[in-house]
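User: Please take a close look at one part of this model and describe it for a reader who has not met it before. Please also explain how the surrounding parts are arranged.

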Amino acid sequence: MPFVEEAFDGVPVLVTGGYGFIGSNLVRRLVRLGAKVTVVDALVPNTGANRFNLADLEEHIAVHVVNMIDEDAMRELVRGRTLVFNLAGHVSHVYSMCDPYADLMMNCHAQLGLLEACRKHAPGAKIVFTATRQQYGRPEYLPVDERHPLRPIDINGIHKVAAEAYYLLYGRLYGIHVTSLRLTNTYGPGQLMGNGRHAFVPWLIRLAIDDQQLQIFGDGQQMRDFTYVDDVVEALLAAAYRPESDGEVFNLGGERPYSIREFVDILLGVVGGGSYTCVPFPEDRGRIDIGSYYADFSKIKSVLDWQPAVPLAEGLRRTVEYYRRYRNHYW
Ligand SMILES: NC(=O)c1ccc[n+]([C@@H]2O[C@H](COP(=O)([O-])OP(=O)(O)OC[C@H]3O[C@@H](n4cnc5c(N)ncnc54)[C@H](O)[C@@H]3O)[C@@H](O)[C@H]2O)c1
(Lines give C-alpha, C1' and ligand atoms only; values in the text may rest on other atoms or scores of the structure.)
Protein backbone atom coordinates (compact mmCIF):
# COMPACT_ATOMS: atom_id res chain seq x y z
CA MET A 1 0.00 0.00 0.00
CA PRO A 2 1.70 3.26 -1.11
CA PHE A 3 0.03 5.37 1.63
CA VAL A 4 -2.67 5.39 4.27
CA GLU A 5 -5.65 7.47 3.14
CA GLU A 6 -6.56 8.58 6.70
CA ALA A 7 -3.12 10.20 7.03
CA PHE A 8 -4.29 13.21 4.98
CA ASP A 9 -7.51 13.79 6.93
CA GLY A 10 -7.43 17.28 8.48
CA VAL A 11 -3.85 17.98 7.33
CA PRO A 12 -3.17 21.56 6.13
CA VAL A 13 -1.71 21.19 2.65
CA LEU A 14 -0.43 23.78 0.18
CA VAL A 15 -0.76 22.99 -3.54
CA THR A 16 1.04 25.35 -5.91
CA GLY A 17 -0.19 25.36 -9.51
CA GLY A 18 -3.56 24.13 -8.24
CA TYR A 19 -5.57 25.61 -11.12
CA GLY A 20 -3.46 23.63 -13.57
CA PHE A 21 -3.90 20.13 -14.91
CA ILE A 22 -2.13 17.88 -12.41
CA GLY A 23 -2.54 20.32 -9.51
CA SER A 24 -6.33 20.42 -9.82
CA ASN A 25 -6.62 16.64 -10.01
CA LEU A 26 -4.50 16.43 -6.86
CA VAL A 27 -6.64 19.05 -5.10
CA ARG A 28 -9.79 17.05 -5.91
CA ARG A 29 -8.28 13.91 -4.40
CA LEU A 30 -6.98 15.75 -1.31
CA VAL A 31 -10.41 17.28 -0.64
CA ARG A 32 -11.93 13.79 -0.81
CA LEU A 33 -9.29 12.62 1.68
CA GLY A 34 -10.33 15.39 4.08
CA ALA A 35 -7.19 17.54 3.79
CA LYS A 36 -7.41 21.32 4.40
CA VAL A 37 -6.25 22.51 1.01
CA THR A 38 -4.81 25.92 0.16
CA VAL A 39 -4.11 26.60 -3.51
CA VAL A 40 -1.53 29.06 -4.80
CA ASP A 41 -1.66 29.81 -8.50
CA ALA A 42 -0.68 32.85 -10.56
CA LEU A 43 -3.05 31.91 -13.44
CA VAL A 44 -0.16 32.23 -15.86
CA PRO A 45 -1.19 32.62 -19.53
CA ASN A 46 -0.21 29.79 -21.90
CA THR A 47 -0.27 27.24 -19.10
CA GLY A 48 -3.00 24.81 -18.09
CA ALA A 49 -4.36 27.31 -15.53
CA ASN A 50 -8.14 27.07 -15.79
CA ARG A 51 -10.63 28.26 -13.18
CA PHE A 52 -13.11 25.64 -14.33
CA ASN A 53 -10.75 22.94 -13.02
CA LEU A 54 -11.64 23.90 -9.43
CA ALA A 55 -15.04 25.55 -9.98
CA ASP A 56 -16.98 22.85 -8.10
CA LEU A 57 -14.50 22.76 -5.19
CA GLU A 58 -14.07 26.42 -4.32
CA GLU A 59 -16.18 26.29 -1.17
CA HIS A 60 -13.98 23.47 0.16
CA ILE A 61 -10.59 25.09 -0.41
CA ALA A 62 -8.75 28.39 0.06
CA VAL A 63 -7.40 29.93 -3.13
CA HIS A 64 -4.71 32.61 -3.47
CA VAL A 65 -3.86 34.08 -6.84
CA VAL A 66 -0.19 34.67 -6.08
CA ASN A 67 3.03 34.21 -8.02
CA MET A 68 5.55 32.09 -6.10
CA ILE A 69 8.17 34.69 -6.97
CA ASP A 70 6.48 36.93 -4.40
CA GLU A 71 8.38 35.78 -1.34
CA ASP A 72 6.46 38.11 1.02
CA ALA A 73 3.12 36.61 0.01
CA MET A 74 4.57 33.11 0.07
CA ARG A 75 5.87 33.66 3.60
CA GLU A 76 2.32 33.87 4.96
CA LEU A 77 1.13 30.99 2.81
CA VAL A 78 3.81 28.50 3.87
CA ARG A 79 3.92 29.47 7.53
CA GLY A 80 3.00 26.50 9.69
CA ARG A 81 2.59 24.10 6.74
CA THR A 82 4.00 20.64 6.95
CA LEU A 83 3.15 19.56 3.41
CA VAL A 84 3.61 21.36 0.08
CA PHE A 85 2.89 19.87 -3.35
CA ASN A 86 4.60 21.95 -5.96
CA LEU A 87 2.87 21.67 -9.33
CA ALA A 88 3.59 25.25 -10.44
CA GLY A 89 5.77 25.33 -13.50
CA HIS A 90 5.81 25.48 -17.26
CA VAL A 91 5.71 22.27 -19.27
CA SER A 92 6.16 23.44 -22.84
CA HIS A 93 9.52 22.66 -24.39
CA VAL A 94 8.62 24.55 -27.56
CA TYR A 95 7.61 27.73 -25.68
CA SER A 96 10.75 27.55 -23.58
CA MET A 97 12.79 27.95 -26.78
CA CYS A 98 10.68 30.95 -27.90
CA ASP A 99 10.73 32.70 -24.51
CA PRO A 100 13.55 31.34 -22.36
CA TYR A 101 13.17 34.14 -19.80
CA ALA A 102 9.54 33.26 -19.07
CA ASP A 103 10.59 29.64 -18.58
CA LEU A 104 13.45 30.75 -16.33
CA MET A 105 11.02 32.80 -14.25
CA MET A 106 8.53 29.98 -13.74
CA ASN A 107 10.83 26.99 -13.54
CA CYS A 108 13.76 28.49 -11.61
CA HIS A 109 13.19 31.95 -10.10
CA ALA A 110 9.71 31.12 -8.76
CA GLN A 111 10.99 27.80 -7.38
CA LEU A 112 13.54 29.70 -5.32
CA GLY A 113 10.70 31.90 -4.06
CA LEU A 114 8.95 28.85 -2.66
CA LEU A 115 12.14 27.34 -1.27
CA GLU A 116 13.27 30.53 0.43
CA ALA A 117 9.83 30.98 1.98
CA CYS A 118 9.94 27.39 3.30
CA ARG A 119 13.53 27.70 4.53
CA LYS A 120 12.63 30.76 6.59
CA HIS A 121 9.05 30.08 7.63
CA ALA A 122 8.28 26.36 7.28
CA PRO A 123 11.42 24.52 8.29
CA GLY A 124 10.76 20.81 8.52
CA ALA A 125 8.06 20.92 5.83
CA LYS A 126 7.82 18.23 3.20
CA ILE A 127 7.87 19.41 -0.44
CA VAL A 128 7.01 17.15 -3.36
CA PHE A 129 8.44 18.62 -6.57
CA THR A 130 7.39 17.66 -10.11
CA ALA A 131 10.30 17.21 -12.49
CA THR A 132 10.29 15.85 -16.06
CA ARG A 133 11.70 13.11 -18.26
CA GLN A 134 13.00 15.90 -20.51
CA GLN A 135 15.84 16.38 -17.99
CA TYR A 136 17.52 13.26 -19.42
CA GLY A 137 17.73 14.56 -22.99
CA ARG A 138 18.12 11.94 -25.76
CA PRO A 139 18.26 8.58 -24.03
CA GLU A 140 21.58 6.73 -24.16
CA TYR A 141 19.76 3.52 -23.21
CA LEU A 142 16.21 2.32 -22.63
CA PRO A 143 14.40 2.09 -20.34
CA VAL A 144 15.82 5.20 -18.68
CA ASP A 145 16.51 4.84 -14.97
CA GLU A 146 17.35 7.58 -12.46
CA ARG A 147 21.11 7.03 -12.93
CA HIS A 148 20.92 8.04 -16.59
CA PRO A 149 22.98 11.23 -17.26
CA LEU A 150 21.05 14.51 -17.27
CA ARG A 151 21.80 16.10 -20.66
CA PRO A 152 18.71 18.14 -21.57
CA ILE A 153 18.44 19.40 -25.12
CA ASP A 154 16.03 22.28 -24.54
CA ILE A 155 15.70 25.28 -22.24
CA ASN A 156 12.82 23.80 -20.26
CA GLY A 157 14.82 20.65 -19.52
CA ILE A 158 17.82 22.71 -18.38
CA HIS A 159 15.68 24.80 -16.05
CA LYS A 160 13.99 21.73 -14.59
CA VAL A 161 17.41 20.16 -13.91
CA ALA A 162 18.41 23.34 -12.08
CA ALA A 163 15.14 23.49 -10.15
CA GLU A 164 15.38 19.89 -9.05
CA ALA A 165 18.94 20.56 -7.91
CA TYR A 166 17.71 23.55 -5.84
CA TYR A 167 15.16 21.33 -4.12
CA LEU A 168 17.63 18.57 -3.37
CA LEU A 169 20.17 21.13 -2.09
CA TYR A 170 17.67 22.79 0.26
CA GLY A 171 16.73 19.30 1.41
CA ARG A 172 20.33 18.47 2.25
CA LEU A 173 21.22 21.81 3.86
CA TYR A 174 18.12 23.11 5.59
CA GLY A 175 16.20 20.14 6.88
CA ILE A 176 13.36 20.50 4.40
CA HIS A 177 12.08 17.08 3.33
CA VAL A 178 12.18 16.96 -0.42
CA THR A 179 11.13 14.41 -3.02
CA SER A 180 11.31 14.89 -6.80
CA LEU A 181 9.12 12.90 -9.18
CA ARG A 182 10.24 12.85 -12.81
CA LEU A 183 7.03 12.68 -14.78
CA THR A 184 6.58 11.40 -18.31
CA ASN A 185 3.67 12.21 -20.70
CA THR A 186 0.72 12.75 -18.41
CA TYR A 187 -2.83 12.91 -19.78
CA GLY A 188 -6.38 13.11 -18.47
CA PRO A 189 -9.14 15.59 -17.54
CA GLY A 190 -8.24 19.21 -16.83
CA GLN A 191 -5.33 19.68 -19.24
CA LEU A 192 -4.58 22.60 -21.57
CA MET A 193 -6.02 21.44 -24.90
CA GLY A 194 -5.44 24.69 -26.73
CA ASN A 195 -2.62 24.02 -29.17
CA GLY A 196 0.09 21.59 -30.20
CA ARG A 197 2.94 23.69 -28.85
CA HIS A 198 2.16 22.88 -25.20
CA ALA A 199 2.21 19.07 -25.32
CA PHE A 200 1.49 16.65 -28.14
CA VAL A 201 -0.79 14.21 -26.28
CA PRO A 202 -3.68 16.59 -25.46
CA TRP A 203 -3.40 18.09 -28.93
CA LEU A 204 -3.83 14.68 -30.60
CA ILE A 205 -6.76 13.95 -28.29
CA ARG A 206 -8.41 17.24 -29.27
CA LEU A 207 -7.97 16.62 -33.00
CA ALA A 208 -9.36 13.09 -32.64
CA ILE A 209 -12.44 14.34 -30.77
CA ASP A 210 -12.95 17.00 -33.45
CA ASP A 211 -12.68 14.30 -36.15
CA GLN A 212 -9.74 16.09 -37.77
CA GLN A 213 -6.81 14.29 -39.30
CA LEU A 214 -4.00 13.77 -36.77
CA GLN A 215 -0.44 14.60 -37.77
CA ILE A 216 2.36 12.46 -36.39
CA PHE A 217 5.79 14.01 -36.64
CA GLY A 218 8.37 11.57 -38.03
CA ASP A 219 7.57 7.94 -38.81
CA GLY A 220 5.55 7.33 -35.63
CA GLN A 221 7.86 4.55 -34.47
CA GLN A 222 9.20 6.66 -31.57
CA MET A 223 8.42 4.96 -28.27
CA ARG A 224 6.82 6.78 -25.36
CA ASP A 225 5.20 5.96 -22.03
CA PHE A 226 2.00 7.60 -20.79
CA THR A 227 0.69 8.07 -17.27
CA TYR A 228 -2.95 8.74 -16.52
CA VAL A 229 -3.28 11.72 -14.19
CA ASP A 230 -4.91 9.72 -11.37
CA ASP A 231 -1.80 7.56 -11.22
CA VAL A 232 0.40 10.65 -10.96
CA VAL A 233 -1.78 11.88 -8.08
CA GLU A 234 -1.31 8.56 -6.27
CA ALA A 235 2.47 8.86 -6.71
CA LEU A 236 2.41 12.42 -5.30
CA LEU A 237 0.51 11.21 -2.24
CA ALA A 238 2.84 8.25 -1.74
CA ALA A 239 5.87 10.54 -1.97
CA ALA A 240 4.30 12.87 0.60
CA TYR A 241 3.37 10.11 3.00
CA ARG A 242 6.44 7.89 2.96
CA PRO A 243 9.58 9.13 4.77
CA GLU A 244 11.68 6.76 2.63
CA SER A 245 11.13 9.20 -0.23
CA ASP A 246 13.01 12.05 1.50
CA GLY A 247 15.94 13.31 -0.57
CA GLU A 248 15.07 10.91 -3.40
CA VAL A 249 14.32 11.23 -7.09
CA PHE A 250 11.89 8.82 -8.75
CA ASN A 251 10.83 8.19 -12.34
CA LEU A 252 7.16 7.67 -13.08
CA GLY A 253 6.11 5.66 -16.10
CA GLY A 254 3.30 3.92 -17.90
CA GLU A 255 2.11 0.33 -17.87
CA ARG A 256 4.23 -0.34 -20.99
CA PRO A 257 5.83 1.66 -23.79
CA TYR A 258 3.88 2.35 -26.97
CA SER A 259 4.97 3.71 -30.33
CA ILE A 260 3.25 6.96 -31.27
CA ARG A 261 1.42 5.07 -34.02
CA GLU A 262 0.13 2.53 -31.49
CA PHE A 263 -0.95 5.39 -29.24
CA VAL A 264 -2.86 7.02 -32.10
CA ASP A 265 -4.47 3.71 -33.12
CA ILE A 266 -5.76 3.23 -29.55
CA LEU A 267 -6.96 6.83 -29.38
CA LEU A 268 -8.85 6.56 -32.68
CA GLY A 269 -10.38 3.30 -31.46
CA VAL A 270 -11.60 5.10 -28.33
CA VAL A 271 -13.14 8.04 -30.23
CA GLY A 272 -14.63 5.65 -32.79
CA GLY A 273 -12.86 6.55 -36.01
CA GLY A 274 -10.61 9.12 -37.67
CA SER A 275 -7.35 9.12 -39.54
CA TYR A 276 -3.73 10.20 -39.28
CA THR A 277 -0.79 10.98 -41.47
CA CYS A 278 2.97 11.05 -40.81
CA VAL A 279 4.72 14.32 -41.69
CA PRO A 280 8.32 15.51 -41.24
CA PHE A 281 9.11 17.26 -37.97
CA PRO A 282 8.77 21.06 -38.20
CA GLU A 283 12.24 22.49 -37.68
CA ASP A 284 11.53 23.91 -34.20
CA ARG A 285 10.25 20.52 -32.93
CA GLY A 286 12.82 18.31 -34.64
CA ARG A 287 15.71 20.15 -33.02
CA ILE A 288 14.47 19.38 -29.52
CA ASP A 289 12.94 15.96 -30.09
CA ILE A 290 14.41 13.30 -27.81
CA GLY A 291 13.54 10.29 -29.99
CA SER A 292 12.33 7.22 -28.14
CA TYR A 293 11.91 7.43 -24.38
CA TYR A 294 10.38 5.25 -21.73
CA ALA A 295 11.16 5.04 -18.06
CA ASP A 296 12.37 2.35 -15.76
CA PHE A 297 10.16 3.02 -12.74
CA SER A 298 11.32 0.04 -10.69
CA LYS A 299 12.76 2.36 -8.00
CA ILE A 300 9.43 3.93 -7.05
CA LYS A 301 7.80 0.51 -7.32
CA SER A 302 10.19 -1.03 -4.82
CA VAL A 303 10.56 1.95 -2.44
CA LEU A 304 7.02 3.41 -2.44
CA ASP A 305 4.93 0.50 -3.83
CA TRP A 306 3.69 2.72 -6.65
CA GLN A 307 2.94 1.53 -10.14
CA PRO A 308 0.56 2.81 -12.80
CA ALA A 309 -2.88 1.25 -12.45
CA VAL A 310 -4.84 2.76 -15.34
CA PRO A 311 -4.13 1.15 -18.75
CA LEU A 312 -3.81 3.51 -21.71
CA ALA A 313 -7.09 2.53 -23.40
CA GLU A 314 -9.05 3.02 -20.18
CA GLY A 315 -7.33 6.33 -19.40
CA LEU A 316 -8.08 7.59 -22.90
CA ARG A 317 -11.69 6.47 -22.61
CA ARG A 318 -12.13 8.51 -19.40
CA THR A 319 -10.29 11.46 -20.93
CA VAL A 320 -12.33 11.55 -24.15
CA GLU A 321 -15.57 11.23 -22.19
CA TYR A 322 -14.56 14.19 -20.00
CA TYR A 323 -13.69 16.51 -22.89
CA ARG A 324 -16.77 15.59 -24.88
CA ARG A 325 -18.78 16.71 -21.86
CA TYR A 326 -16.82 19.86 -20.90
CA ARG A 327 -15.28 20.76 -24.23
CA ASN A 328 -16.38 24.43 -24.12
CA HIS A 329 -14.16 25.02 -21.06
CA TYR A 330 -11.02 23.72 -22.77
CA TRP A 331 -11.23 24.36 -26.54
N1 LIG B 1 1.75 17.45 -17.89
C2 LIG B 1 2.81 16.69 -18.14
O3 LIG B 1 2.77 15.83 -19.03
C4 LIG B 1 4.09 16.88 -17.34
C5 LIG B 1 5.21 16.12 -17.70
C6 LIG B 1 6.39 16.30 -16.98
C7 LIG B 1 6.43 17.19 -15.92
N8 LIG B 1 5.33 17.93 -15.60
C9 LIG B 1 5.45 18.90 -14.50
O10 LIG B 1 4.32 18.84 -13.66
C11 LIG B 1 4.01 20.17 -13.18
C12 LIG B 1 2.54 20.46 -13.45
O13 LIG B 1 2.28 20.30 -14.84
P14 LIG B 1 0.83 20.55 -15.44
O15 LIG B 1 0.73 19.77 -16.69
O16 LIG B 1 -0.20 20.43 -14.40
O17 LIG B 1 0.97 22.09 -15.85
P18 LIG B 1 -0.16 23.19 -16.07
O19 LIG B 1 0.36 24.15 -17.07
O20 LIG B 1 -1.47 22.56 -16.35
O21 LIG B 1 -0.27 23.89 -14.64
C22 LIG B 1 0.76 24.67 -14.11
C23 LIG B 1 0.14 25.68 -13.17
O24 LIG B 1 1.18 26.37 -12.50
C25 LIG B 1 0.82 27.74 -12.40
N26 LIG B 1 2.06 28.50 -12.23
C27 LIG B 1 3.11 28.54 -13.08
N28 LIG B 1 4.09 29.33 -12.59
C29 LIG B 1 3.62 29.81 -11.40
C30 LIG B 1 4.17 30.66 -10.42
N31 LIG B 1 5.38 31.23 -10.57
N32 LIG B 1 3.44 30.92 -9.31
C33 LIG B 1 2.21 30.38 -9.13
N34 LIG B 1 1.64 29.57 -10.06
C35 LIG B 1 2.34 29.28 -11.17
C36 LIG B 1 0.08 28.04 -13.69
O37 LIG B 1 -0.76 29.18 -13.57
C38 LIG B 1 -0.71 26.74 -13.88
O39 LIG B 1 -1.98 26.80 -13.28
C40 LIG B 1 4.97 21.13 -13.88
O41 LIG B 1 6.02 21.44 -13.01
C42 LIG B 1 5.52 20.31 -15.03
O43 LIG B 1 6.83 20.67 -15.39
C44 LIG B 1 4.16 17.79 -16.30
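Analyst: Helices (H or I, at least four residues) and strands (E, at least two) are DSSP runs, numbered from the N terminus. The model is predicted, with local features needing pLDDT of at least 70 and side-chain atom pairs pLDDT 80 or more, while totals for chains, interfaces and linings use all residues. Residue numbers start from 1 along each chain as its sequence is written.

The part chosen here is the shell around the ligand. It holds 31 residues, of which Gly-17, Gly-20, Gly-48, Ala-49 and Gly-89 come nearest; a residue is near if its C-beta atom, placed from the backbone, lies within 6 Å. At least two shell residues come from each of helix 1 (21-32), helix 4 (100-121), strand 5 (126-132) and strand 7 (185-187). Helix 1 makes the greatest contribution, with three residues. By class, 18 residues of the shell are nonpolar, twelve are polar and one is charged (Ala, Val, Leu, Ile, Met, Phe, Trp, Tyr, Cys and Pro count as nonpolar, Asp, Glu, Lys and Arg as charged, and the others, Gly among them, as polar).

Helix 1, the main contributor to the shell, also packs against helix 7 (residues 229-241): the two axes come within 9 Å and cross at roughly 65° (axes are lines fitted to C-alpha atoms, for helices over the stretch in contact, and angles run from 0 to 180 degrees between N-to-C directions). On the side of helix 1 the contact is made by Phe-21, Ile-22, Asn-25, Leu-26 and Arg-29, and on the side of helix 7 by Val-229, Asp-230, Val-232, Val-233 and Leu-236; contact requires C-beta atoms, placed from the backbone, within 7 Å. Seven of the residues in this contact of helix 1 with helix 7 are nonpolar, one is polar and two are charged.

Strand 5, which also supplies residues to the shell, belongs to an open sheet of seven strands in the order 3-2-1-4-5-6-11, paired in parallel (pairing needs at least two DSSP bridges). Strand 3 (62-64) and strand 11 (248-251) form the edges; each has a single partner strand, so one side of each is left without a neighbour in the sheet. Direction ignored, neighbouring strands of this sheet are turned by 20° against each other on average. Within the sheet, strand 1 (residues 12-16) and strand 4 (residues 83-86) pair in the parallel sense over four bridges, and Val-13 stands opposite Leu-83 in strand 4. Helix 5 (residues 155-174) packs on the sheet, where it touches strand 5 and strand 6 (177-183), and the direction of helix 5 makes about 155° with that of strand 6.

Two loops that adjoin strands of the sheet hold backbone details. Pro-143 lies in the loop between strand 5 and helix 5, and the peptide bond from Leu-142 to Pro-143 is cis, with omega near -10°. Leu-43 is placed in the loop between strand 2 (36-40) and strand 3; its phi is near 50°, a positive value in a residue other than glycine.

A further helix pair completes this account. Helix 8 (residues 260-271) and helix 11 (residues 312-326) pack at an angle of about 45°, their axes being 9 Å apart. Here Ile-266, Leu-267, Val-270 and Val-271 of helix 8 meet Leu-312, Ala-313, Leu-316, Arg-317 and Val-320 of helix 11. The contact of helix 8 with helix 11 has eight nonpolar residues, no polar residues and one charged residue.

Technical notes
Two residues are in contact if their C-beta atoms, placed from the backbone, lie within 7 Å.
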